[in-house]
Amino acid sequence: MKMILLADVKTLGKKGDLVEVSDGYGQNFLIPRKLGVPATDGAVKKRKKEIADQSSKKARELEQAEALARSLEAKPLVITMKVGGNGKLFGSVTSGDIAKAVKEQFNVPIEKKTLDMKSSLRAIGEYKVKARLYKGVQANLSVEIQAEEE
């Protein structure tokens with residue numbers, strides 16, 4: 001009996017897989033627990049359409065992430081902070097500060113956990129910060145920390 005899995009089954013496969021199982025296993029285990037449905041022509045067509053929709057959605061999201069990466073890399077992100085002697089900042093610039101600045105300057109919401117920073121930035125200057133926007137897409141943000149005018 002051919003079945004389409006509705007959920008991950010440890011010994012059979014992942015959700016959406018088309019699998020061959022014995023009639024008893026399908027009728028007595030998979031169907032009552034709503035883990036699978038018989039692979040009728042309609043169900044197979046529906047699954048193929050879902051796969052096509054998912055792949056086109058992923059392609060669209062990848063294209064949008066690449067466009068976002070290009071726009072973020074196009075101009076520097078400027079952050080102004082209070083500065084003490086020797087160009088040292090009062091406090092530091094964290095990933096949360098950079099995410100907030102990206103939202104304000106580029107009008108793009110970005111999560112702070114997507115930013116790869118080894119430590120917080122503590123001095124005036126230009127820094128490169130990587131932002132993971134999508135699987136396989138990274139943007140190298142140019143962050144420029146400037147002294148606040150008094």
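Helices (H or I, at least four residues) and strands (E, at least two) are DSSP runs, and their numbers count from the N terminus. With these labels in hand, Asn107 can be placed in the loop between H3 and E6, and the other parts of this structure, which is a predicted model, can be described in the same way.

**The sheet of three strands**

One open sheet has 3 strands in the order E2-E1-E3, and their pairing is antiparallel. Strand E2 (18–20) and strand E3 (36–38) stand at the edges with a single partner strand each, so one side of each has no neighbour in the sheet. On average, neighbouring strands of this sheet are turned by 40° against each other, direction ignored. E1 and E3 run antiparallel and are joined by 3 bridges, and within E3 it is Val37 that stands opposite Ile4.

**The sheet of four strands**

A second description concerns an open sheet of 4 strands, which has the order E4-E9-E8-E6 and mixed pairing. Its edges are strand E4 (77–81) and strand E6 (115–116), and because each has a single partner strand, one side of each is left without a neighbour in the sheet. Strands of a sheet pair through backbone hydrogen bonds, either parallel or antiparallel.

Strand E8 (residues 125–134) and strand E9 (residues 137–147) run antiparallel and are joined by 9 bridges. Along this pair, Val129 stands opposite Leu141 in E9, while Gly125 stands opposite Ile145 in E9. The hairpin of E8 and E9 has 2 residues between the strands, and in this hairpin Gly136 takes a positive phi near 90°. E6 and E8 also pair in the antiparallel sense, over 2 bridges, and the bridge partner of Leu115 in E8 is Ala131.

Two helices can be described together with this sheet. Helix H2 (residues 41–74) lies across E8 and E9 and runs at about 25° to E9. Helix H3 (residues 95–106) packs on the sheet, where it touches E4, E6, E8 and E9, and its direction makes about 120° with that of E4.

**Selected residues**

Which residues does Ser142 of strand E9 touch, once its neighbours within four places in sequence are left aside? Ser142 is in contact with Pro76, Leu77, Glu126, Tyr127 and Lys128. The relative accessible area of Ser142 is 14%, and because buried means under 20%, Ser142 counts as buried.

Ala99, whose place is in helix H3, has a relative accessible area of 9% and is likewise buried. Not counting residues up to four places away in sequence, Ala99 touches Ile110, Glu111, Lys112 and Leu115. The C-alpha atom of Ala99 is separated by 38 Å from that of Leu6, and these two residues are 93 residues apart along the chain.

Asp53 lies in helix H2 and is partly exposed, with a relative accessible area of 41%. Between the C-alpha atoms of Asp53 and Gly91, which are 38 residues apart along the chain, the separation is 48 Å.

Lys34 and Asn107 can be set side by side, as each has a positive phi without being a glycine.

| Residue | Place | Phi | Relative accessibility |
|---|---|---|---|
| Lys34 | loop between helix H1 (23–30) and E3 | near 55° | 66%, exposed |
| Asn107 | loop between H3 and E6 | about 55° | 59%, exposed |

Both entries in the last column rest on a cut-off, because a residue counts as exposed when its relative accessible area is over 50%.

**The largest pocket**

The largest pocket has a volume of about 250 Å³. It is lined by 13 residues, of which Ile4, Leu5, Leu6, Arg47 and Glu50 are the closest to its centre. Which elements each supply at least two residues of the lining of the largest pocket? They are strand E1 (2–5) and H2, and H2 gives the most to this lining, with 5 residues. Sorted by class, the lining of the largest pocket has 5 nonpolar, 2 polar and 6 charged residues.

How values were computed: Residues are numbered from 1 along each chain as its sequence is written. This is a predicted model: local features need pLDDT of at least 70, side-chain atom pairs count only at pLDDT 80 or more; totals for chains, interfaces and linings use all residues. Side-chain values use heavy atoms; hydrogens and water are left out. Two strands pair if DSSP finds at least two bridges between them. Contact means heavy atoms within 4.5 Å. Axes are lines fitted to C-alpha atoms, for helices over the stretch in contact, and angles run from 0 to 180 degrees between N-to-C directions. Buried means under 20% relative accessible area, exposed over 50%, partly exposed in between (1.4 Å probe, protein chains only). On a 1 Å grid over the protein atoms alone, a cavity is a set of points where a 1.4 Å probe fits but cannot get out, and a pocket is an open set with protein on both sides within 12 Å along at least five of seven lines; lining residues have an atom within 4 Å of a point. Grid points are joined across faces, edges and corners, and a volume is the space filled by probe spheres set on the points. Ala, Val, Leu, Ile, Met, Phe, Trp, Tyr, Cys and Pro count as nonpolar, Asp, Glu, Lys and Arg as charged, and the others, Gly among them, as polar.
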